[in-house]
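Welcome to a short tour of a protein model. Please take a look at the sequence and the structure below, and then read on for a guided walk through some of its parts.

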Amino acid sequence: MIYLNLYQVNLLTDSYISYINLRQREDRQEHMIRELKRVNIQADRFEAYTPDLFPDAKYDRMRNTTPGAIGCHMSQIAVMMLASAHGQHAMVMEDDLIFADDFHKRVEIMEQFLQGKTWDIVWWR
């Protein structure tokens, strides 16, 4: 994993921004397009993985979760690996996200908090 230590962090311009979406969930894709436009963010669509793509025994311990959770987890890791390969942070979103009206202010607060720190994952809730 690449640890990026940026003294001046700009999460929306220095990150690979993507949302995870199953091919058959066009309704959620349309939702994300509207939400991203509303907050003026450009993001790539990542076609969500399904658990049948990972029959390997190392994923057996995850089999007690829902198939959707497995696919979501593996999709998030894939997006992070794409970002890492390009030397960028990853901003990974799920396709049912609703941005807070003050999203950009929250980003500014997070950027101030991260300045000068070494970090690998920030989990927004």
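## A walk through the model

Helix α1 is followed by N40, a residue with a positive phi near 60 degrees. Keep in mind along the way that this is a predicted model. N40 sits in the loop between α1 and β2, and its phi is positive although N40 is not a glycine. Most residues other than glycine have a negative phi. N40 counts as exposed, because its relative accessibility is 66%.

**The overall plan**

Let us step back for a moment. The protein contains three helices and three strands, and from the N terminus on they follow the order β-α-β-α-β-α. Of its 125 residues, 33% are buried. Among the contacts with a separation of 6 or more, 75% are between residues 24 or more positions apart.

**Helix α1 and its two sides**

Helix α1 takes in residues 26-38, which is 13 residues. From its first C-alpha to its last it reaches 18 Å, close to the 18 Å expected at 1.5 Å a residue. Which residues of α1 are buried? They are H31, M32, E35 and L36. These buried residues lie on the same side of α1, because they cover an arc of only 130 degrees around the axis. A general rule helps here: an α-helix has 3.6 residues a turn, so residues three or four places apart point the same way.

The face of α1 turned away from the buried side carries the exposed residues E26, R34 and K37. As for the buried residues of α1, what covers them includes the strands β1 (15-21) and β3 (89-94).

**The strands and how they pair**

Strand β1 pairs with both of the other strands mentioned in this table.

| Pair | Sense | Bridges | Residues standing opposite |
|---|---|---|---|
| β1 and β2 | parallel | four bridges | I20 and F46 |
| β1 and β3 | parallel | six bridges | Y19 and M93 |

Strand β2 covers residues 44-47. On the way from β1 to β2 the chain passes through α1, and this β-α-β crossover is right-handed.

Strand β3 shows a neat alternation of its side chains. H89, M91 and M93 point to one face and are buried, while A90, V92 and E94 point to the other face and are not buried.

**Two residues to compare**

Is N21 buried or exposed? N21 lies in strand β1, and N21 counts as buried because its relative accessible area is 0%. The side chain of N21 is joined to that of R45 by a polar contact of 2.8 Å. Leaving aside residues up to four places away in sequence, N21 touches R28, Q29, R45, F46, E47, A48 and D95.

And where is T66? T66 has its place in the loop between β2 and α2 (67-85). T66 is exposed, because its relative accessible area is 51% and the cut-off for exposed is over 50%. T66 and P51 are 15 residues apart in sequence, and their C-alpha atoms are 9.4 Å apart in space.

Notes
Residues are numbered from 1 along each chain as its sequence is written. This is a predicted model: local features need pLDDT of at least 70, side-chain atom pairs count only at pLDDT 80 or more; totals for chains, interfaces and linings use all residues. Side-chain values use heavy atoms; hydrogens and water are left out. Helices (H or I, at least four residues) and strands (E, at least two) are DSSP runs, numbered from the N terminus. The expected span of a helix is 1.5 Å times one less than its number of residues. Buried means under 20% relative accessible area, exposed over 50%, partly exposed in between (1.4 Å probe, protein chains only). The arc is that of the directions from the helix axis to the C-beta atoms. Contact means heavy atoms within 4.5 Å. Two strands pair if DSSP finds at least two bridges between them. A crossover is right-handed if, with the strands pointing away from the viewer, the path from the first strand over the helix to the second runs clockwise. A polar contact is a pair of N or O atoms within 3.5 Å; within protein, one must be able to donate a hydrogen and the other to accept it, and residues adjacent in sequence count only if both atoms are side-chain atoms.
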